[in-house]
Amino acid sequence: MTTKRDSIAAELRRRINAGELPRGAHIAQSALAAEFATSITPVREALGVLQAEGVLTSEPRRGVRVATADLAQVRTVYLLRQLLEPYAMQRAIWGMSPRDLHEVEEYCARMEASERANDPIAFSDLNRRFHFAFFERCGDEGLRDEIAALWHRYPWDILRVLGYRRAEAEVEHREIVAAARAGDLERVAEATRQHTANSYLALAEHLSGERGDDPFPVTAVVVS
């Protein structure tokens with residue numbers, strides 16, 4: 001059963017990811033309570049959930065606001081995604097049926113159509129559906145939930161404005177599907193790793209203004 005807290009948190013995530021609530025925007029608790037026809041308690045609970053995820057931040061005398069995208073935090077989320085997602089994909093394809101694979105191919109086709117229609121919000125929604133079509137089949141709800149929590153913390157609203165990444169992602173999605181159809185566990189893991197890395201590198205360049213290196217390989221670690 002979805003609670004008021006969960007409904008409010010989900011709607012705020014959607015608005016942030018869609019760019020309807022920009023980075024730094026103030027969250028008016030009383031307005032949310034009125035909108036959702038509820039007391040202030042579930043609103044505060046929802047805001048607490050999003051603050052724990054790093055989506056919102058609370059500052060003295062400034063109230064609750066949409067958190068700015070911090071590159072160090074984004075890097076940490078990326079590193080954790082690289083640890084979990086390739087493994088989850090491998091677990092998923094082990095038991096995917098032809099019907100399941102057809103479903104993810106349909107998501108690919110619909111993403112490509114949304115790109116042609118220049119609809120980045122639809123593309124972003126379909127992108128999530130594509131990935132979670134795999135993660136939902138990884139055979140472990142806890143693993144799926146950990147990945148979902150990381151996705152909540154990732155600044156998809158910023159990545160969405162990088163139009164060139166959508167075209168690149170389409171090719172990468174097709175490679176993931178081809179690897180899944182072949183039942184090639186190592187190939188699907190590598191395709192997922194590369195896809196996630198390319199997404200992070202584009203986002204990091206946008207945030208920093210510099211094209212950096214992939215921080216995931218151990219050889220990229222700088223020991224001070």
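1. A salt bridge here is a side-chain nitrogen of Lys or Arg within 4 Å of a carboxyl oxygen of Asp or Glu. The side chains of R211 and E205 fit that description, with N and O 3.3 Å apart. Please keep in mind as you read on that this is a predicted model. The two partners differ in their surroundings: R211 counts as exposed at 52% relative accessibility, while E205, at 29%, is partly exposed.

2. The salt-bridge count comes to 23. As general background, side chains of opposite charge can pair when their charged atoms come close. One pair to look at on your screen is R137 with E103, where the closest N and O atoms are 2.9 Å apart. R137 sits in the loop between α6 and α7 and E103 in helix α5, so this pair ties together parts that are 34 residues apart in sequence. R137 is partly exposed, with a relative accessibility of 28%, and E103 is also partly exposed at 28%.

3. For a pair within one helix, try E190 and R193, whose closest N and O atoms are 3.2 Å apart in a salt bridge. Both belong to helix α10, and because they are 3 residues apart there, about one helical turn separates them. E190 has a relative accessible area of 38% and is partly exposed; R193 is partly exposed as well, at 25%.

4. Which residues are linked in a network of salt bridges? They are E11, R14, R15, E20 and E35. It would be a good group to display together.

5. Now to the interior. The largest nonpolar core holds 44 residues, and F130, F134 and Y154 touch the most other members. Two or more residues come from each of α4 (71-93), α5 (98-116), α6 (120-135), α7 (141-153), α8 (156-160), α9 (163-182) and α10 (185-208). Helix α10 gives the most, with 8 residues. Apart from this core lies another, of 18 residues, including A25, A33, L50 and V55. In soluble globular proteins, nonpolar side chains tend to be buried together.

6. F134 is a handy place to start exploring the largest core. Leaving aside residues up to four places away in sequence, F134 touches M89, A92, I93, M96, V104, I176 and A180.

7. Is V104 buried or exposed? With 0% relative accessibility, V104 counts as buried, since the limit for that label is under 20%. V104 lies in helix α5. Its contacts, again not counting residues up to four places away in sequence, are M96, F130, A133, F134 and V177. If you want a sense of distance, V104 and R160 are 56 residues apart in sequence and 20 Å apart in space, C-alpha to C-alpha.

8. The aromatic side chains deserve a look too, with 7 aromatic pairs counted. In one of them, W151 and W156 are tilted, with 4.4 Å from centre to centre and 35° between the planes. Both W151 and W156 are buried. These two tryptophans also belong to one aromatic cluster with F132, F135 and Y154.

9. Two arginines meet rings of that cluster. The charged end of R81 sits over the ring of Y154, 4.7 Å from its centre. Likewise, the charged end of R128 sits over the ring of F132, at 4.3 Å from the ring centre. Y154 is therefore worth a second view, as one of the residues that touch the most other members of the largest nonpolar core.

Notes: Residues are numbered from 1 along each chain as its sequence is written. This is a predicted model: local features need pLDDT of at least 70, side-chain atom pairs count only at pLDDT 80 or more; totals for chains, interfaces and linings use all residues. Side-chain values use heavy atoms; hydrogens and water are left out. A nonpolar core is a set of buried Ala, Val, Leu, Ile, Met, Phe, Trp, Tyr and Cys residues joined through side-chain atoms within 4.5 Å. Buried means under 20% relative accessible area, exposed over 50%, partly exposed in between (1.4 Å probe, protein chains only). Helices (H or I, at least four residues) and strands (E, at least two) are DSSP runs, numbered from the N terminus. Contact means heavy atoms within 4.5 Å. Rings of Phe, Tyr and Trp (its six-membered ring) pair if their centres lie within 6.5 Å; planes under 30 degrees apart count as stacked, over 60 as edge-to-face and the rest as tilted. A charge sits over a ring if NZ of Lys or CZ of Arg is within 6 Å of the ring centre and within 35 degrees of the ring normal.
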